[in-house]
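Me: Please look closely at one part of this structure and describe how it is put together. I should then like to see how it fits into the rest.

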Amino acid sequence: MTATVTPARRVRSKLFGATAFYLLGVIVAMAIVFSIIRPDAFPTFANSRNILTDVSILLVIAVGTTYVMVAAGFDLSVGSVLVFAGVMGAKVMAATGGEGWTTVVIGLVVALISGVVWGVFNGVCITVFKVPALITTLGSMGAALGIARLITNGNDIRTVPLSMIKFSVAEFLGLPWIVWIAAVVAVVGGVVLHVTRFGRRTYVIGSNDEAARRGGVNVNAHLIKLYALSGLCAGFAGFLSLVRFSTTTITGHSTDALQVITGVVLGGTSLFGGIGTVAGTVVGMFVSAVLNNGLIVIDVEPFWQEVAIGFILIVAVYIDQRRRRRRSRA
Amino acid sequence: MGVLFEARGLIKRYGHVEALGGADFTLNEGEVVALIGDNGAGKSTLVKCMSGVESPDEGELLLRGTPITMASPSDARKHGIETVYQDLALAPELGPAENTYIGRELLKPGLMGKLGVLDKKTMRAKAAEAFTSMGTDVKDLDAPVSALSGGQKQSVAICRAVMWASGIVFMDEPTAALGVRQTRNVLKLIRRVAETGVSVVLISHNMTEVLEVADRIEVLRLGKRVARYDAADSNVEQLVGAMTGALDTGDIK
């Protein structure tokens, strides 16, 4: 209760929140352990690049999820929306024909719109029709994937424009473009959440939606925008996934939402809203990315990663709950 | 000291229940008026009608002599009328300064502001200034509101209302959840608010508190104003008598 808070500490806690700061230590510890076991394979530039590339696509989704969860919302549909947007983008690009950039841009726009449409659908169901977010997004998770399968008869679309394939292997400063794009999304997402009125109101709604309402904020409209943003991020991630794999990977995203929510919660975002940062989310996402990569490098069955992530999510939420209980007692 | 705000013959029905049966209310400039009444007397309904939360079925509201209508609390705010709700409507995870600007965030000038960038520095400075000038003990602007004491939370909510009010602040039971010492501070704060020229309408159950802080007292019973007193020449027995109807009172037009 005194003015002993140094500016540096304030910046640090604003940036990460305490939880995520310790998490950085966890990541370093994991990296050290994996490096000791496989000094030849883990601490290499090529492997670091793998980790960064792996985390990029999920990180783009996680930025949108951070916004939704800071506002005390929930979005389970992101993995399916990613697939849906990828399928729509690929279909339209195939129909447009051509191997050039115009086709790619058309595909990108279609993927983004596909994502936003699902996001707005989620947002309207949750705010206007008052269907709980958990149920709404569980429903659209099933529906979006189902429609994606209907469109493709369940088979992945493997035809993408040549310029997109070239782009997928192109690099900038030794890293694939996807990594840089994800970094830009994270930075922009973090800055907007932190310094703009839109971001501030996201926190207020998550903290006490009634206070926002009485302050004259149109809470429903804001929430719909947030779910649309989450859909937009998922749609963009769907397109990036298309860039990376040159195929739609329909069956590969059933646990995306789980991984993203785990990363976001690990990064210090509260399930009850009002607390969270994109910087924390970045750290949280790297926990599962490093763990996943490390387990593969040291030849542990990769399924163990799924087991670990599941339990980590439960532990992270347990910590969040305890923190909240302690606070409400105070 | 002229009449600032007036309610005349307000009637509000919920189905068959008449919550207000032609209630009147008068508020002069820069005074603290306590609105008291037994449970179900219509205090909450009257305040809701006067702060834009509900629209009365009949009757009129006059601000500085001009009839006004308010369809929402936002309308009331445009008229310079603010309300401190009993639940305070604070965002517990945010800081005191951030809470005072909910829904009214300041943006930076120029291009940055057009992009929606907040002017955090100015908001912080202005909030700090309000907390200090009101003599509150809210000092740590970095701590979330959830970490503050009950009295400090109340201070934040009151300061927020005063910062934005240009005429009237309604306060619904501002000391209900507070201890003795914190109640003292909040009552002092209410007096200071009135000194700045903002009129305060205080809803309270606590008669001694009412007599201590208010300039005048208006008593509501069964949806009507039944008595008006100057706090200086009334006592608890009188107030309770008027509230319950045991005492018939004059001084009413």
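Reply:
**Strands, helices and contacts**

B:L63 has its bridge partner in β5(B), namely B:T66. The model examined here is a predicted one. The pair just named belongs to the junction between strand β4 (residues 58-63) of chain B and β5(B), where 3 bridges join the two strands and the direction is antiparallel.

These strands form part of an open sheet of 4 strands in chain B, which has the order β2-β1-β4-β5 and antiparallel pairing. At its edges stand β2 (17-28) and β5 (66-68) of chain B, each of which pairs on one side only. From one strand to its neighbour the average turn is 25 degrees, with direction ignored. A helix accompanies this sheet: α1 (residues 43-50) of chain B packs on it and touches β1 (3-14), β2 and β4 of chain B. The direction of α1 makes about 120 degrees with that of β1(B).

Chain B also holds an open sheet of 6 strands, in the order β6-β7-β8-β3-β9-β10, and its pairing is mixed. Why is one side of β6 (81-84) and of β10 (224-230) of chain B left without a neighbour in the sheet? These strands stand at the edges and each has a single partner strand, so one side of each has no neighbour there. In this sheet, neighbouring strands are turned by 20 degrees against each other on average, again with direction ignored.

The junction of β6(B) with strand β7 (residues 168-172) of chain B can be followed residue by residue. The two strands pair in the parallel sense over 4 bridges. One partnership links B:I81 to B:I168, the latter lying in β7(B). Helix α6 (residues 150-164) of chain B lies across β6 and β7 of chain B and runs at about 175 degrees to β6(B). Helix α7 (residues 180-195) of chain B lies across β3 (32-37), β7 and β8 (199-203) of chain B, and its angle to β8(B) is about 150 degrees. Strand β7 of chain B thus lies under α6 as well as under α7.

Chain B also meets chain A. Contact involves 29 residues of chain B and 25 residues of chain A. The size of an interface is often given as the accessible area lost when the parts come together. Here the two chains bury about 2400 Å² between them, and 51% of that area is on carbon and sulfur atoms.

Side chains of opposite charge can pair when their charged atoms come close. The interface of chain A and chain B has 3 salt bridges, and the side chains of B:D87 and A:R214 meet in a salt bridge with N to O at 2.9 Å. Polar contact joins 9 residue pairs across this interface. On the side of chain A that touches chain B, at least two residues come from each of α8 (177-195), α9 (197-207), α10 (209-214) and α14 (303-329) of chain A. The largest share, 6 residues, is supplied by α9(A). By class, that side of chain A has 9 nonpolar, 9 polar and 7 charged residues.

Over all chains, the structure holds 23 salt bridges. One of the salt bridges joins A:R244 and A:D54, with 3.1 Å between the closest N and O atoms. This pair links distant parts of the chain, since A:R244 lies in helix α11 (residues 219-245) of chain A and A:D54 in helix α3 (residues 45-70) of chain A, 190 residues apart.

Note on methods: Residues numbered from 1 in each chain as written. Chains lettered and ligands numbered in written order. Predicted model: local features only at pLDDT ≥ 70, side-chain atom pairs only at ≥ 80, totals over all residues. Heavy atoms only, no water. Contact = heavy atoms within 4.5 Å. Buried area = accessible area lost by both parts, 1.4 Å probe. Salt bridge = Lys/Arg side-chain N within 4 Å of Asp/Glu carboxyl O. Polar contact = N/O pair within 3.5 Å; in protein donor to acceptor, adjacent residues only side chain to side chain. Nonpolar A, V, L, I, M, F, W, Y, C, P; charged D, E, K, R; others polar. Pairing = 2+ DSSP bridges. Axes fitted to C-alpha atoms, helices over the stretch in contact; angles between N-to-C directions.
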